[in-house]
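Let's take a walk through this structure together, one chain at a time. Keep the 3D view open and turn it as you read.

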Amino acid sequence: MVFCVGCKTSGNARPVGAVEEIKAPLGLPLVPIPADNPPTAQTIALGRKLFYDTRLSKDNTLACASCHNPNLGFTDGRSLSLGVGGMSGVRNAPTLLNAAYSPLQFWDGRASSLEEQSADPIANPIEMNQTHKVSVSKISGNPAYKAEFAQAFGPGPVTLEKIEKSLASFERTLLSGNSPFDRYEYGGEKTALTPGAIRGLAVFVDPKRGNCAACHTIHPAYALFTDGRFHNTGEGVNGEGEFNDLGRFGQTKLEADRGAFKTPTLRNVALTGPYMHDGSLKTLKDVVAFYAGGGDSNPDLDKEIKAISLSGQDRADLVEFLQELTGEMPKNAGPPGKE
Amino acid sequence: MRPFPLFNLCLAITLLAGCSGKVNTEQPGAAKSAPAPLYFKVGPGTAAVVTGTIRYQGKKPALKLIDMSEEPACVEAHHGKAYDESLVVNKKGALANAFVYVKSGLQGKTFEIPATPVTIDQSGCWFRPRVMGIQVGQVLKVVNSDPVTHNIHPMAQINREWNHSQGAGDPPLARKFTKPEVMIPVKCNIHSWMHAFIGVLDYPYFAVSGDDGTFEIKNLPPGTYAIAVWQEKLGTQEQQVTVGPLGKAEANFTFKGK
C-alpha cells in the first residue's frame, strides 16, 4: 500500500476556537463528531479553502473539488475520475454529501474517519499525486495559510494532521436533507411526493418487492439510505466469475468480501450519475433494471441480491421515487468568497 | 483509490488463468502429458451428410400474442406484434426451431473448437436466435441491440448457471460452456416473455430446423449414429442412421400433437 504508511497522525493538534454546531437538516440524524476534532468556524473555513485549492495536487491542476464538484452533487459526472495528467482512476467518485455519517470511508472502507480519508487522494499516485511532505511545504509557504492555521489550531507549524482535520471539519458541514422525501416522511407533508414516487417508496421498502431498503436503509426518525456495509452485487465481474477490482476484500482478505463495495447513499442520487463503484451504469433506470435482473452472478453474490419480479410500472415508480431524494444543498459549501 | 500495483497483479492473475484455461483443451481420459490434443479431421473423400425434415401432426396451436406493454420501449423496438414461438409450424406441417444433433457415435474423437463465436442477440426484446447450438469451449457472444437493459440467464444444470445484466449500448459479453448439455434454457430476468435454448456439444454435428422443417448435418465421418431431435414443447425423439464414405442418409421425424 502506498498510502497511510507513516502518515498516521498522532492526534496532537486540537482546534482552539469556539465549537461550531453543525445542524442536521430534516431527515438526517445528529452529525457524529470525533472528540479530538470539534468543528470550529476557523477549521471549517480553512478546510473549505483547502478543498478548493489546486496547490494540493502535484501539478497544481486539481483540487478535491475537481472530482467532488458542488455543481454535480459533489461528484464529477464521470464513470471513473481523472487524476493529474489525465490519468484515469479505477473507481467512480462518490458524493461527499452526508459522508459525515459513513462509519467507513471510500468504496472499500479503507479509512475509518473523514480525518483519515481526507488526505488520501492527495498522495494517491493516480489522483492528486503529491506527497504529504510537499503538500505541507506548499501550504506552509503561504503567509495567509500560516495565519489561518495559527488562528484555527494555535501557534505552531502547519502539519498534515491539521490539514486533515480542517478538510474533515469542512466535509462534516456538507449535509443535504429536507428533500421531498424528507418532507413527506418526516415533515408530515403528504403532498411533498408525487403519486408515482409514493408508489415507488412502497416498492422500495417492501421486502417482497424491491427490498431496496434492506441495504439503503430508512430509519423511523431519519434516513441515510445506506447501511454503511459492503455488498457484492456482481457489478464488475468478468466471464470467469472473477473481479479485477476486489473491493472490500483488499482490506479484509475475507472471501465473503470479494467484489463487495460500500452501499452508497441514495440521497441526491439524481445528481450523482453515472452509478456503481465503476460508474458503469449511466442512468437510474439502468440501475433499477440491474437490480430487477438480480445483478451479475458470481460466487460471492450478496444473498439479498436476486431477480425481482417488478413490472415496468414498478420500475418507473422506483426511478420517480429516487428523483425525489434530491435535498437542499449545504450553505457556504462552494469556493470561498463565492457565497 | 486503489493503488496500481495490486490492480495490475489481479489483472495478471486473471490473464494467466485465462491462458492456462485455453491450453488445457484435453478431453477426460486423454493422455495427460499430451501438449495439445490431436483433433480429428474428416478425410476429404469420406465426409457424409445426414438430412431430414421435422414434421408436426395435429392441431396447429393458435397464435398467441405476447404482451410487452409493461416496457413501452420493447413494444417499439420489436417493430410489430410479437407472437409466441414455442411451437412454430408452417402450413405444410413443417416444424421449425427443432434442435437436431448427433447424440452418440462419435466417442473417442476430439474436434477442434471453432474460432468464430456464436452470437445471441437481444433485439426487439427477443432472443435471436431462439434455438441454437454451440461447441464446448466456443465463444458465445451476447449482444444487446435494444434500448433497454436485459439480464441474460442461461439456466444450466451441468454447466455453471449464471446471469448477467447488459445495458443499452454495453459491449458484447463473451462466455463459454465447459461441458456438453442439451438443452440449456435461457431467460431474461427482467422480461418474462424472453426465452431461448442453447445446445452444447463437444463436436460440430448439430443443426436447427428451418421454417420448412429441414435440417442438414454435414461433414460427418462415416459411421453409425444416433440422431436425436429436441423441441421445447414436444420433447425428444431419436433414430439410428448409418453412413458410409461420402454417404447420404435421411432421418425424418414426426411429432404428434394432442
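Before we start, one term: two residues are in contact when they have heavy atoms within 4.5 Å of each other. Also keep in mind that what you see is a predicted model.

**Helices of chain A**

With that term in hand, look at helix H5 (residues 132–140) of chain A. Its buried residues are His132(A), Ser135(A), Val136(A) and Ile139(A). Why do they end up on the same side of H5(A)? They cover an arc of only 95 degrees around the axis, and that puts them on one and the same side. There's a handy rule behind this: an α-helix has 3.6 residues a turn, so residues three or four places apart point the same way. And what do the buried residues of H5(A) pack against? Their partners are four helices of chain A: H1 (41–51), H4 (120–123), H6 (143–153) and H7 (160–172).

Now move on to two helices that are largely enclosed by the rest of the structure. In helix H12 (residues 312–322) of chain A, 8 of the 11 residues are buried, so the description fits H12(A). Among the buried ones are Gly312(A), Asp314(A), Arg315(A) and Phe321(A). The cover over the buried residues of H12(A) includes helix H8 (180–185), helix H9 (195–205) and helix H11 (284–292) of chain A.

H11(A) earns the description too, because 7 of its 9 residues are buried. They include Leu284(A), Asp286(A) and Phe290(A). Here chain B comes into the picture: the buried residues of H11(A) pack against H12 of chain A together with strand E7 (150–154) and strand E8 (164–166) of chain B. Just after H11(A), Gly294(A) takes a positive phi of about 90 degrees.

**Rings and charges**

Phe321(A), which we met in H12(A), also belongs to an aromatic cluster with Phe181(A), Tyr186(A), Phe204(A) and Phe225(A). Chain A also has charged side chains sitting over rings, and here are two of them:

| Charged residue | Ring | Distance to ring centre |
|---|---|---|
| Lys190(A) | Tyr184(A) | 4.5 Å |
| Arg248(A) | Phe230(A) | 4.3 Å |

Over all chains, the whole structure has 18 aromatic pairs. Take Phe99(B) and Phe206(B): their ring centres are 6.0 Å apart and their planes meet at 25 degrees, so the pair is stacked. This pair links distant parts of the chain, with Phe99(B) in strand E2 (residues 99–104) and Phe206(B) in strand E12 (residues 206–208) of chain B, 107 residues apart. Phe99(B) counts as buried, because its relative accessibility is 0%.

**The core of chain B**

Chain B has 2 helices and 17 strands, and 46% of its 258 residues count as buried. In the largest nonpolar core, which has 37 residues, Val50(B), Ile54(B), Tyr205(B) and Ile227(B) touch the most other members. Which strand gives the largest share of this core? That's E14(B), with 5 residues. Zoom in on Ile54(B): leaving out residues up to four places away in sequence, what Ile54(B) touches includes Leu95(B), Val100(B), Phe215(B), Val229(B) and Phe255(B).

**How far to trust it**

Chain B averages a pLDDT of 89, with 86% of the residues scoring at least 70. Over residues 1–31 of chain B, though, pLDDT stays under 50. Where pLDDT is low, the predicted coordinates should not be read in detail.

Technical notes:
Residues numbered from 1 in each chain as written. Chains lettered and ligands numbered in written order. Predicted model: local features only at pLDDT ≥ 70, side-chain atom pairs only at ≥ 80, totals over all residues. Heavy atoms only, no water. Buried < 20%, exposed > 50% of the residue type's maximum accessible area, 1.4 Å probe, protein only. Arc of directions from axis to C-beta. pLDDT = per-residue confidence, 0-100. Phe/Tyr/Trp six-rings, centres within 6.5 Å; stacked < 30°, edge-to-face > 60°. Lys NZ or Arg CZ within 6 Å of the ring centre and 35° of its normal. Core = buried A, V, L, I, M, F, W, Y, C linked by side-chain atoms within 4.5 Å.
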